[in-house]
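Subject: The structure for you to look through

Hi there,

Here is the structure I promised to pass on to you. Please open it alongside this email and follow along as you read.

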Protein chains: 4
Amino acid sequence: MSNKIRWGVLGGGGDSLIGVLHRVAASMFDAYQLTGAVFNPDHETSKAFARQIGIPTDRIYSDHHEMIRLEMQLPEDERIQVVSVLTPNFLHFPMAKQLLENGFSVICEKPMTMTYAEALELEAIHQKSGAVFALTHTYTGYPMVRQMKQMIAQGVIGEIQKVDVQYYQGWINPIIHDPQLRKTTWRLDPEKSGISCCMGDIGVHGYQMLEFVTGLEVKSILADLNHLYEDNQMDIDGTVLLRFDGAAKGVLRASQIATAEENNFSVAVYGKSGSLKWEQENPNYLYLLTEDKPLQTLKPGHSYNDKMSLDGTKLPPGHPEGIFDAMGNIYKGVAKAVRNQPYEAGEFPGMRDGVRGMHFIEEAVASHANGNVWTDL
Amino acid sequence: MSNKIRWGVLGGGGDSLIGVLHRVAASMFDAYQLTGAVFNPDHETSKAFARQIGIPTDRIYSDHHEMIRLEMQLPEDERIQVVSVLTPNFLHFPMAKQLLENGFSVICEKPMTMTYAEALELEAIHQKSGAVFALTHTYTGYPMVRQMKQMIAQGVIGEIQKVDVQYYQGWINPIIHDPQLRKTTWRLDPEKSGISCCMGDIGVHGYQMLEFVTGLEVKSILADLNHLYEDNQMDIDGTVLLRFDGAAKGVLRASQIATAEENNFSVAVYGKSGSLKWEQENPNYLYLLTEDKPLQTLKPGHSYNDKMSLDGTKLPPGHPEGIFDAMGNIYKGVAKAVRNQPYEAGEFPGMRDGVRGMHFIEEAVASHANGNVWTDL
Amino acid sequence: MSNKIRWGVLGGGGDSLIGVLHRVAASMFDAYQLTGAVFNPDHETSKAFARQIGIPTDRIYSDHHEMIRLEMQLPEDERIQVVSVLTPNFLHFPMAKQLLENGFSVICEKPMTMTYAEALELEAIHQKSGAVFALTHTYTGYPMVRQMKQMIAQGVIGEIQKVDVQYYQGWINPIIHDPQLRKTTWRLDPEKSGISCCMGDIGVHGYQMLEFVTGLEVKSILADLNHLYEDNQMDIDGTVLLRFDGAAKGVLRASQIATAEENNFSVAVYGKSGSLKWEQENPNYLYLLTEDKPLQTLKPGHSYNDKMSLDGTKLPPGHPEGIFDAMGNIYKGVAKAVRNQPYEAGEFPGMRDGVRGMHFIEEAVASHANGNVWTDL
Amino acid sequence: MSNKIRWGVLGGGGDSLIGVLHRVAASMFDAYQLTGAVFNPDHETSKAFARQIGIPTDRIYSDHHEMIRLEMQLPEDERIQVVSVLTPNFLHFPMAKQLLENGFSVICEKPMTMTYAEALELEAIHQKSGAVFALTHTYTGYPMVRQMKQMIAQGVIGEIQKVDVQYYQGWINPIIHDPQLRKTTWRLDPEKSGISCCMGDIGVHGYQMLEFVTGLEVKSILADLNHLYEDNQMDIDGTVLLRFDGAAKGVLRASQIATAEENNFSVAVYGKSGSLKWEQENPNYLYLLTEDKPLQTLKPGHSYNDKMSLDGTKLPPGHPEGIFDAMGNIYKGVAKAVRNQPYEAGEFPGMRDGVRGMHFIEEAVASHANGNVWTDL
């Protein structure tokens, strides 16, 4: 009998890229066994997919209600332990809620919920559950992001005085300029994707990242969003001014109309005695700037790296790892938590990240709607 | 007798870096003869410096009043034609004013004046004078900035939908954290450097650059500045939200406390059909992003370059030119204007750049002081 | 019952990095089921490792002889189909030989054999076997290496006139300068690692890569190797001049004493009408140089990418993939071959790469030993 | 009367790029006064050019014989002190010879002579003359090349064990494939450009650079050159193996058929305790690699820079300087020598660089012609 964690999946069947990402991540450290799933709302399709990827079909369920009900009837040491929620956005909350209420640990895709109110509700349920909850802000799994977090915590750059986050993509550009497409794209439909497109999808990654690496909490924001066309209900671009306790300030810029940008996500943190910069598209480099010293470029896998960074590096220096490996690191952290092994706070993002993220999204939209005014978080 | 332009200089003696920059720039295209100068308020020091750099001392004057008076007595074909104003900020306006009133062309260091009101006054004087006026926003002299301007004008990236400018330095960081130093540094003294430090010194470069390359005018701004310490009267960091006619938006970020950044000035312009990005610290690269095509990196000196870009490139591709060459290009453009030769609008920044720049600085400070509110330009 | 490929592994247990790399790669496309293994010469250790990574222990064998014998007794549709050979170098040949002789397909780590004679013998056995044989020159699995190969084949850069390959590492530097360490390191012991250290380990990667991307065969070589110390029997650095049919020439440089280089492997191919360059440490960029056109940087996942490149990209542009993904692509190609599905020649390196590689290593050593003279391949 | 150095120029008139480069360089530090010249073999053209660039025509001579004769008749304190030789290659030797014999200091463009024999002859003359002789290997004037030289001399990377130099251009590619052009291009005519094209023009830059930065002397070489076409008499590509005293080895690669490369000149030096790398196309970066420490990128103008590097930097960090500035630094060094001020050995290349360079070129050609055999230098 395997001592792997019994793992369930909701969604992620067929051509789903997110499904591939999670399956590969789960397999990376020999820790998870895909045990049960609802890959698709259609049960037959779901089973066919299970056969396609070589999974037994006996625990392929018709829906998550059935999954939870039948798994609960199994002895605890056969029952699925953790479930990844990879379904469309509006299903994250009800599924995660029901799973937590029944004691299953959850790995939830982003956004955690559709609203801040739901987020708060889920947080309360989670606190009672004793289960593990992880939110897949995948980028925090990169070794050099972890390194950045630890160096800032250790005071390498001193007190923070400025934070600058950018998340620029261009993918919505061909859609937004086509009147028909911009009406029919689910991302631009508030029913399906919530009140914000750009801030909800990528701005919140930037927000979570900056709080993750700095350890600071944003206290208030002022947002200027852009819809570009009047008949477009959702922001597709925006800049958010940030304030923290103390004198530090920041700015978060996100766009889906930064034409031909791919996934240009970067974070720069300026402290009293140095600065750190990281870019997602070249994730294996971390730049340390110090006054009147040479620029230092840190890479993964070295003895100078922090323990948590090294824990997320599988091969020696010079062998580039990527986004799949970052997700793998998050699964590795969750595995430790599920197994009650010791782990560090930053090994995977959790409920608090989700709650704060939903708050950010709602207040960014509110700040903009109210005429670009300061709004507390 | 030389057919070089007779050139005068006010300031820039001794160890002045700006003096070196202008002298080298003036010599680059064999167009200028340094004919007269006031290098220093002290006449003897001024003459000593003239001897040191191998200039005859007979037209080294005691002050700019004397220079103007005595030069006006010379026949027109012996008289200094253009004067570079390299003195401390508060002297730019009175010197430029008097020079223009007497028909001398002027190459003026930035900032053009101390206030917007002065800028408007100088503009009126210039309009009557018939003289050439250039403002040394040096960065516009880089071949790839010129290339960017021309490509945008030619519609290569289509209608502009987003503009992002960054100017990050860290030089004031060691000063700002020292209570004594931050009281005694001239840059932080409004009497000496005007109402703004960061926006006045580098933010305005970003502002001029974005209007230069896009050909757009900013219509309104919302600024959030940072003084970091209460006893510091001047901004040393800030973010400015930008609006244009139409739906395009922008953001300008500038800082002098971006610790250990050197002169990290960059501009990105996103259009409907492509994007262009340029970075001052690697000035010979211009990046063209187009949907689903390879990233293109344009460099100087190629047949694909625009005429104005090529006019600013002296050597074949692969021979890097730098900031001195950029300033040389501005002097080259001014030389054409002084000699009544044809030249293109972008070959040197002028009075309009100065007027708009001063307006920007004042309104950025006002927007911040009024609680980060939108302010028209 | 799973329709996954039944997969066996020899070696790769415990802390073996190569074991992790192959297991993750095999899991990436849901195509392989780890069915049987000899992880370690010690049977108990082997079984313990199986339990640790959650694999049933019933087909964990005491050695590869037993594995082959017992698997042959199983019905064909239960029998292991393909075996990965991850054991120390000197075991590659005997294990691969026996596997092929019994009709098992083989995924073999590099070097394929200890000698060229063995390589020829293995080639003959393979030809008779009808089985699939793959040699894990992992770097050829990168999407942009595949893109490079296809673009050269399509004539994008025209007839090749110059090839330049570099593989620089520094890892042996701290060993080589320590008289004790250099006597006790297995890599420097011909008994354990063959007649060459640098050429045998990394030079051969460069050699295979250049033949892979160009489609050319090297005709003769002249090698100058460096042992640095007289008591060191093995090359740890070297340069090899290359000749092809026709006027094209090339050079291959490899080093393990390029101090502090990590895994700096790059290949540049210059053709009559353009050039292509790729670097392993930034594997998602392919540079196309064309006369008097902007430099083009190709990235994975775009519609301009070749089919084989796209087949090796799992996520949209801007999500960096790395070395694990490259190995995954090789496993994906092998899966197609094992399942008799159509695939392209470049999807995985095979027997011919191994044979030519062993020939290269032996002749490089011979050319050097004979006084740096031209030697035919 | 000016205290500038009285400077003469031979060649460099009209559209000559090299003429521009030297004039700008000479003007950069206010040290030279262009006093006399032969810009063109035609006297009238020469004088017209003098007028065009604003130089008095009274000391524009009909040829260098006349220049030397008439200048010698002037009192020593009016006489030209140093002459830059910018004429076609075959004239460098006779002109430099005559100048040195008459006590003029010389700044000579590269190649110093047409043959090694001439180089030795010139060296002997120079030794007797007491004059200053500089050879414009311009790239050694870059601040970060100087920094590299000093760091190696100070032992920062320890004993050198490997040297790798690359100089790749593609400019001759469109010529070499056109049978007509390759017969009519002066660079490919031994009468006009000497026995080697690629090694003579750029290989020698690489050779001088590697001896400059390492302080080592190459002891023997083995060259493999490429003519690409049989009717082409001259090398246009080649690789040269290098040996030094001791166990260090090296390789020098140069090409003019590296299609679409611009001026891709780089040098990497690997020592026992670290490595240094520099690239001409991004000349303001110097990379220091040290085992298991972050990569360090050094830039100009910092307090960590060496004195000679700082002496070649005019502006604060972040203001890129380029090739004109590098040449300016060489002129600055020569000015010190001419004025008998103290200067360091590396401030400008001299006679010894020229002699060794000519030796290298001849022996590279010989090594190749003799079947790629080792040849002593």
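Below is what was found in it, going from one chain to the contacts between chains.

Before you start, please keep in mind that this is a predicted model.

**Inside chain A**

Let's begin with a single chain. The domain assignment splits chain A into domain 1, residues 5-138, and domain 2, which is made of residues 142-319 together with 350-376. If you look at the C-alpha centres of domain 1 and domain 2 of chain A, you will find them 27 Å apart. Where the two domains touch, domain 1 of chain A contributes 22 residues and domain 2 of chain A contributes 23 residues.

How much area do domain 1 and domain 2 of chain A bury between them? The value is about 1,800 Å², and carbon and sulfur atoms account for 65% of it. Three residues are worth picking out on the domain 1 side: A:Met114, A:Tyr116 and A:His137 supply 34% of the area that domain 1 of chain A buries against domain 2 of chain A, more than any other three residues.

There are charged and polar links here too. Two salt bridges are counted between domain 1 and domain 2 of chain A. Try finding A:Glu123 and A:Arg352, which form a salt bridge with their closest N and O atoms 2.6 Å apart. Five residue pairs are in polar contact across this interface of domain 1 and domain 2 of chain A. On the domain 1 side of chain A, helix 4 (89-101), helix 5 (116-129) and strand 5 (133-135) each supply at least two residues that touch domain 2 of chain A. Helix 5 of chain A gives the most to that side, with six residues.

The UniProt record, an unreviewed entry, also places a feature on this chain: "domain: GFO/IDH/MocA-like oxidoreductase", at residues 145-276 of chain A. That span is 30% helix and 33% strand, and its end C-alpha atoms lie 10 Å apart.

**Where chain D meets chain C**

Now on to contacts between chains. Chain D and chain C each put 44 residues into their contact. The area buried between chain D and chain C is about 3,300 Å², with carbon and sulfur atoms giving 49% of it.

How many salt bridges are found across the interface of chain D and chain C? There are ten. In one that you can look up, C:Asp224 pairs with D:Lys249, and the closest N and O atoms are 2.9 Å apart. The interface of chain D and chain C also holds 38 residue pairs in polar contact. Among the elements of chain D that each supply at least two residues to the side touching chain C are strand 6 (160-168), helix 7 (173-176) and strand 7 (218-226). Strand 6 of chain D gives the most to that side, with five residues.

**Where chain B meets chain D**

Chain B can be laid on chain D by a turn of 180° with a shift of 0.0 Å along the axis, giving an RMSD of 0.0 Å. That is the relation of a two-fold axis. Which residue of chain B comes closest to the rotation axis? It is B:Gly322, whose C-alpha is at 2.5 Å. Of the interface residues of chain B, 100% are also interface residues in chain D, so the copies meet through the same surface.

In this contact, 38 residues of chain B meet 39 residues of chain D. Chain B and chain D bury about 3,200 Å² between them, 54% of it on carbon and sulfur atoms. B:Asp30, B:Glu262 and B:Pro320 supply 19% of the area that chain B buries against chain D, more than any other three residues.

Two salt bridges are found across the interface of chain B and chain D. B:Asp30 turns up again here, since its side chain meets that of D:Arg23 in a salt bridge (3.0 Å, N to O). On the chain B side, helix 1 (17-27), helix 2 (43-52) and helix 12 (323-338) give two or more residues each. Helix 1 of chain B gives the most, with five residues.

**One last pair to find**

Over all chains, the structure holds 101 salt bridges. One that sits within chain C joins the side chains of C:Arg187 and C:Asp201 (3.0 Å, N to O). C:Arg187 lies in the loop between helix 8 (179-184) and helix 9 (190-193) of chain C, while C:Asp201 is in helix 10 (residues 198-214) of chain C, so the pair ties together parts that are 14 residues apart in sequence.

Enjoy exploring!

Best wishes

Methods
Residues are numbered from 1 along each chain as its sequence is written. Chains are lettered from A and ligands numbered from 1 in the order in which they are written. This is a predicted model: local features need pLDDT of at least 70, side-chain atom pairs count only at pLDDT 80 or more; totals for chains, interfaces and linings use all residues. Side-chain values use heavy atoms; hydrogens and water are left out. Copies are superposed by least squares on the C-alpha atoms of residues with pLDDT of at least 70 in both. Contact means heavy atoms within 4.5 Å. UniProt positions are given in the numbering used here, feature names are shortened, and annotations may be inferred rather than shown by experiment. Helices (H or I, at least four residues) and strands (E, at least two) are DSSP runs, numbered from the N terminus. Domain bounds come from an automatic or database domain assignment. Buried area is the accessible area (1.4 Å probe) that two parts lose on being put together, summed over both. A salt bridge is a side-chain nitrogen of Lys or Arg within 4 Å of a carboxyl oxygen of Asp or Glu. A polar contact is a pair of N or O atoms within 3.5 Å; within protein, one must be able to donate a hydrogen and the other to accept it, and residues adjacent in sequence count only if both atoms are side-chain atoms.
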